[in-house]
Structure formats: C-alpha cells, structure tokens
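Colleague: May I request a close look at a single part of this model, with an account of its surroundings and of the cut-offs applied?

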Amino acid sequence: MSQRSKGAKEFMCQGHNCAQAVVYAFRKEIKLTEENAINIAEKYASGTYITCGTVLAMHIVINGLIDRAYHPKPYLYTDNTKTMIMTVDQEFEKELGSLACRELRENYNGDGLICHKCIAIAVKLLEENLNL
C-alpha cells in the first residue's frame with residue numbers, strides 16, 4: 001500500500017467521505033487546496049449518484065490532471081479523458097465486481113471497511129494509470 005493510499009484512508013477516518021479521501025490524496029497534483037479538494041468531492045459519497053464515490057473521485061482527479069477542469073458531473077468525460085476514465089472504471093469493476101456503491105456494500109455484507117478497500121484500489125489505479 002502506498003503512502004498516498006494510507007494518507008487517504010487516514011483522511012477518511014478523520015470524518016471525511018470516500019470521494020474526499022481520494023481527491024485529497026491527489027490534491028497537489030491537480031493543484032487544489034485542501035479546502036477545494038474537500039468541497040469538490042463532498043457530494044459524491046455513499047452512492048449518492050449510484051456510482052461508488054471513489055470511482056467519481058477518480059474521474060475528478062483524471063479530469064483535473066488531463067483537462068485541468070472540474071466538471072460538475074464527474075461521471076461525464078471529454079474526448080481527452082474518455083480512454084483513461086473507461087480504463088480505470090473497468091479495472092475497478094474487475095477488482096471489486098461493481099461500480100455501484102450499494103452493490104459493493106451488499107457484496108461485502110454491509111462491511112464499512114469496503115470503503116477503505118475502494119479507496120486503496122482507486123488510489124492504486126490512479127497511481128498506475130497516471131504514472132504517479
């Protein structure tokens with residue numbers, strides 16, 4: 001487990017959500033302050049948009065690094081980010097069996113630690129695919 005992944009998990013344990021933890025872990029690379037990282041990802045946790053918050057956080061990071069933009073709908077992508085977003089989504093789903101928060105929680109018997117696992121996988125996928 002990378003230092004970035006450990007830091008993201010610790011950040012979540014301080015009362016932040018899964019999406020915030022992933023975006024926070026990459027805040028320097030995408031040129032966000034801690035406050036902006038928290039605010040951008042705030043509404044994407046707990047399956048609010050059906051999709052796991054860490055998946056949407058990966059989209060935020062990819063959009064920030066490649067397009068230098070933060071789309072109000074991170075589940076959308078541009079021509080520049082489409083391939084990368086599709087790749088990390090497929091790899092995430094392959095590792096955990098779903099992109100949907102509810103399904104992930106059900107597959108892991110409601111275990112709250114699934115969120116920690118999702119954070120670790122999202123961080124690892126971003127580090128590997130973005131060469132960070």
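Modeller: Contact means heavy atoms within 4.5 Å. Helices (H or I, at least four residues) and strands (E, at least two) are DSSP runs, numbered from the N terminus. The model is predicted, with local features requiring pLDDT of at least 70 and side-chain atom pairs pLDDT 80 or more, while totals for chains, interfaces and linings use all residues. Residues are numbered from 1 along each chain as its sequence is written, and side-chain values use heavy atoms, without hydrogens and water.

The part I have chosen is helix α2, which spans residues 18-25. Eight of the eight residues of α2 are buried, where buried means under 20% relative accessible area, exposed over 50%, and partly exposed in between (1.4 Å probe, protein chains only). The buried residues are Cys18, Ala19, Gln20, Ala21, Val22, Val23, Tyr24 and Ala25. They pack against α1, α3 (34-41), α4 (53-67) and α7.

Two of these residues, Cys18 and Tyr24, merit separate description. Cys18 has a relative accessible area of 7% and is therefore buried. The closest cysteine sulfur to that of Cys18 belongs to Cys52, at 5.2 Å, which is too far for a bond. The structure as a whole contains zero disulfides, a disulfide being a pair of cysteine sulfur atoms within 2.5 Å. Cys13 likewise takes part in no disulfide, and its nearest cysteine sulfur, in Cys115, is 11 Å away. Whereas Cys18 is buried, Cys13 is exposed at a relative accessible area of 58%.

Tyr24 belongs to the one aromatic pair in the structure. Rings of Phe, Tyr and Trp (its six-membered ring) pair if their centres lie within 6.5 Å; planes under 30 degrees apart count as stacked, over 60 as edge-to-face and the rest as tilted. The partner of Tyr24 is Phe11: the ring centres are 3.7 Å apart and the planes lie at 5 degrees, so the pair is stacked. Phe11 comes from helix α1 (residues 3-13) and Tyr24 from α2, and the pair, 13 residues apart, links distant parts of the chain. Phe11 and Tyr24 are both buried. Arg27 adds a further feature, as its charged end sits over the ring of Tyr24 at 3.9 Å from the ring centre; the criterion is NZ of Lys or CZ of Arg within 6 Å of the ring centre and within 35 degrees of the ring normal.

Two of the neighbours of α2, namely α1 and α7, also meet one another. The axes of α1 and helix α7 (residues 113-129) come within 9 Å and cross at roughly 145 degrees; axes are lines fitted to C-alpha atoms, for helices over the stretch in contact, and angles run from 0 to 180 degrees between N-to-C directions. On the α1 side, the contact is made by Arg4, Ser5, Ala8, Lys9, Met12 and Cys13. On the α7 side, Cys115, His116, Ile119, Ala120, Val123 and Glu127 contribute. Cys13 thus appears in this contact although it counts as exposed.

The loop that leads from α2 to α3 contains Lys31. Lys31 is not a glycine, yet its phi is positive, at about 60 degrees. Its relative accessible area of 64% makes Lys31 exposed. Asn131, in the segment after α7, also has a positive phi without being a glycine, at about 55 degrees. With 70% relative accessibility, Asn131 counts as exposed.

Three further positions complete the surroundings. Glu91 lies in helix α5 and, at 28% relative accessibility, is partly exposed. Apart from residues up to four places away in sequence, Glu91 touches Leu125 and Asn129. Its C-alpha atom is 13 Å from that of Thr54, 37 residues away along the chain. Ala100 occupies the loop between α5 (82-96) and α6 and is buried, at 15% relative accessibility. Beyond neighbours within four places in sequence, Ala100 is in contact with Ile50, Thr51 and Cys52; this Cys52 holds the sulfur closest to that of Cys18. The C-alpha atoms of Ala100 and Gly53 are 8.9 Å apart, with their positions 47 residues apart along the chain. Glu106, in helix α6 (residues 101-107), is exposed at 54% relative accessibility. Glu106 and Ala45, 61 residues apart in sequence, have a C-alpha to C-alpha separation of 16 Å.
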